[in-house]
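Thanks for coming. I have a few minutes on charged side chains and how they pair up. Please have a look at the sequence and the model first.

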Amino acid sequence: MNTLEKDQHVEDLNKGLLLKREQADEVKDAFDKARDALMYDYMYMGQGVTYMHFKHKDTREYIKIPKCGVAFHETV
């Protein structure tokens with residue numbers, strides 16, 4: 001591999017890292033907005049055995065969140 005090829009390879013790697021950083025920022029922003037929406041735009045309506053229920057304050061639409069995964073495991 002000559003110097004030009006090495007420089008191009010490094011440039012490609014840097015572009016890939018920048019893209020991953022931008023995607024990570026986008027994902028973090030999306031989850032931050034979703035968390036804020038759940039906290040401020042929805043009303044907690046209770047929970048069943050397998051789901052937590054929320055109702056949107058303006059549209060009155062319901063969503064349900066499955067009670068599985070990391071958030072619901074007490075040992076984690």
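How many residues apart in helix H1 are Lys28 and Asp32? They are four residues apart, and because of that spacing about one helical turn separates them. Helix H1 covers residues 3-41. Keep in mind that this is a predicted model.

The side chains of these two residues form a salt bridge, with 2.9 Å from N to O. As for accessibility, Lys28 is exposed, at 52% relative accessible area, while Asp32 is partly exposed, at 22%.

Asp32 has another partner. Its side chain also meets that of Arg35 in a salt bridge, at 3.3 Å from N to O. Here the two residues are three apart in helix H1, so the separation is again about one helical turn. Arg35 is partly exposed, with a relative accessibility of 44%.

Now put those pairs together. Lys28, Asp32 and Arg35 belong to a network of salt bridges that also takes in Asp36.

Next, a pair with Asp29. Which residue does Asp29 form a salt bridge with? The partner is Lys33, and the closest N and O atoms lie 3.4 Å apart. These two are four residues apart in helix H1, so about one helical turn lies between them. Asp29 is partly exposed at 38% relative accessibility, and Lys33 is exposed at 55%.

For the count, the structure holds four salt bridges. Among them are Lys28 with Asp32, Arg35 with Asp32, and Asp29 with Lys33. That is what I have.

Technical notes
Residues are numbered from 1 along each chain as its sequence is written. This is a predicted model: local features need pLDDT of at least 70, side-chain atom pairs count only at pLDDT 80 or more; totals for chains, interfaces and linings use all residues. Side-chain values use heavy atoms; hydrogens and water are left out. Buried means under 20% relative accessible area, exposed over 50%, partly exposed in between (1.4 Å probe, protein chains only).
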